[in-house]
Amino acid sequence: ESEAPMPAAPNDSICNATPLIVGASCNGIPNGDNTNAGSEDGEFDAPECFLGVPNSVWYSFTAPASGFVSVSTDFDLDVANPNEDTEMALYRLGSGSCDDPASLEYITCNQDGGNIKEFNAVLNSVKVTPGETIFIQVSGFLGADGAFCIVVDEVMPPANDNVCSATALVMDATCDGIPNADNTFATQQDGEAIPACFSENTATLWYSFVAPASGFVAVKSDLALSGDNEPI
């Protein structure tokens, strides 16, 4: 006699999205599972980074004061059926209601952004409006399902993340192998240009200098770093 399939989690629907606390960890214990989850009528069936029909569960959080968050499912879980190939998309609710998936305004998505498990989804330094409710759609690549952990953290972009806050450099100064820059959690400003040699998703910092009398300069970041520094 066959057993009845395990029912989908209550947060299979958008209006039943599970609230997440920004900054809370899961300590390696799953707080999500998309087993037997499906797609609601009208649910976005193809965020740009998803592949296959979503078998998604939903989460929500209140955007923190900094206006930037990172969301991750990249954890190594000691469970019988982990989902190690997650897809994740972020939305805000527009003028409609959660009963109408078309009311959700797409923000961004990711798959295969993990470092611990390379096929798990991670979103770094996503810009949000403080106080707004953000919805998270978690699915599995080509129907992958199972237990996962999802956390939301507030992040603070570096001080020189924006053009008007560019860090002034002194001509001919050296860094002697000690980093003077770190673009971790850096973002792309609204309307910021993307040079032809940059990737589409930039994590930029800004610097400035006063041009010397000769009218010629050399600018480089190709320097060896000492100690435990991890250069990009």
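# Notebook: strands, cores and rings

I started at V71, which stands opposite L123 in strand 7. The model is a predicted one, and I kept that in mind for every entry.

**Entry 1. The three-stranded sheet.** I looked up how strand 7 pairs. Strand 4 and strand 7 run antiparallel to each other, joined over four bridges. They belong to an open sheet of three strands, ordered 7-4-10, with antiparallel pairing. Which strands stand at the edges of this sheet? Strand 7 and strand 10 (151-154) do. Each has a single partner strand, so one side of each is left without a neighbour in the sheet. I also checked the twist. On average, neighbouring strands here are turned by 20° against each other, direction ignored.

**Entry 2. S125.** I stayed in strand 7, where S125 lies. Its phi caught my eye: S125 has a positive value of about 50°, although it is not a glycine. Is S125 buried or exposed? I noted 11% relative accessibility for S125, so it counts as buried. The cut-off I used for buried is under 20%.

**Entry 3. D172.** I found another positive phi at D172, near 70°, again in a residue other than glycine. D172 sits in the loop between strand 11 (167-168) and strand 12 (207-208). With 73% relative accessibility, D172 counts as exposed. Here the cut-off is over 50%.

**Entry 4. The five-stranded sheet.** Next I traced the open sheet of five strands. Its order is 1-3-8-5-6, and the pairing is mixed. Strand 1 (18-19) and strand 6 are the edge strands, each pairing on one side only. I then took the step from strand 5 to strand 6. These two run antiparallel and are joined by seven bridges. Within that pairing I picked out M88, which stands opposite N110 in strand 6.

**Entry 5. The loop after strand 5.** I followed the chain to G94. This glycine is placed in the loop between strand 5 (86-93) and strand 6 (104-111). Its relative accessibility is 22%, so G94 counts as partly exposed. Which residues does G94 touch, leaving aside those up to four places away in sequence? The contacts are S103 and E105. I also took a C-alpha separation. G94 and V69 are 25 residues apart along the chain, and their C-alpha atoms are separated by 20 Å.

**Entry 6. The nonpolar cores.** I turned to the interior. The largest nonpolar core has 20 residues. Which of them touch the most other members? They are Y59, V71, M88, L90, I136, V138 and I150. So V71 and M88, met in earlier entries, come up again here. I listed the elements that give two or more residues to this core: strand 3 (57-62), strand 4 (68-72), strand 5, strand 7 (122-127) and strand 8 (133-140). There is also a second, separate core of 11 residues, including F50, C98, L104 and F135.

I opened up V138 from the largest core. Leaving out residues up to four places away in sequence, V138 touches N55, S56, V57, Y59, T86, E87, M88, F148 and I150.

**Entry 7. Aromatic pairs.** How many aromatic pairs does the structure hold? I counted three. I took Y59 and F148 to begin with. Their ring centres are 6.1 Å apart and the planes stand at 75°, so the pair is edge-to-face. Y59 lies in strand 3 and F148 in strand 9 (residues 147-148), so the pair ties together parts that are 89 residues apart in sequence. Both Y59 and F148 are buried.

Then I took Y91 and Y106. The centres of their rings are 6.0 Å apart and the planes are at 65°, so this pair is edge-to-face. It links distant parts of the chain, with Y91 in strand 5 and Y106 in strand 6, 15 residues apart. Are Y91 and Y106 buried or exposed? Y91 is buried, at a relative accessible area of 0%. Y106 is partly exposed, at 32%. I closed with the cluster: W58, Y91 and Y106 form one aromatic cluster.

Methods. Residues numbered from 1 in each chain as written. Predicted model: local features only at pLDDT ≥ 70, side-chain atom pairs only at ≥ 80, totals over all residues. Heavy atoms only, no water. Buried < 20%, exposed > 50% of the residue type's maximum accessible area, 1.4 Å probe, protein only. Contact = heavy atoms within 4.5 Å. Core = buried A, V, L, I, M, F, W, Y, C linked by side-chain atoms within 4.5 Å. Pairing = 2+ DSSP bridges. Axes fitted to C-alpha atoms, helices over the stretch in contact; angles between N-to-C directions. Phe/Tyr/Trp six-rings, centres within 6.5 Å; stacked < 30°, edge-to-face > 60°.
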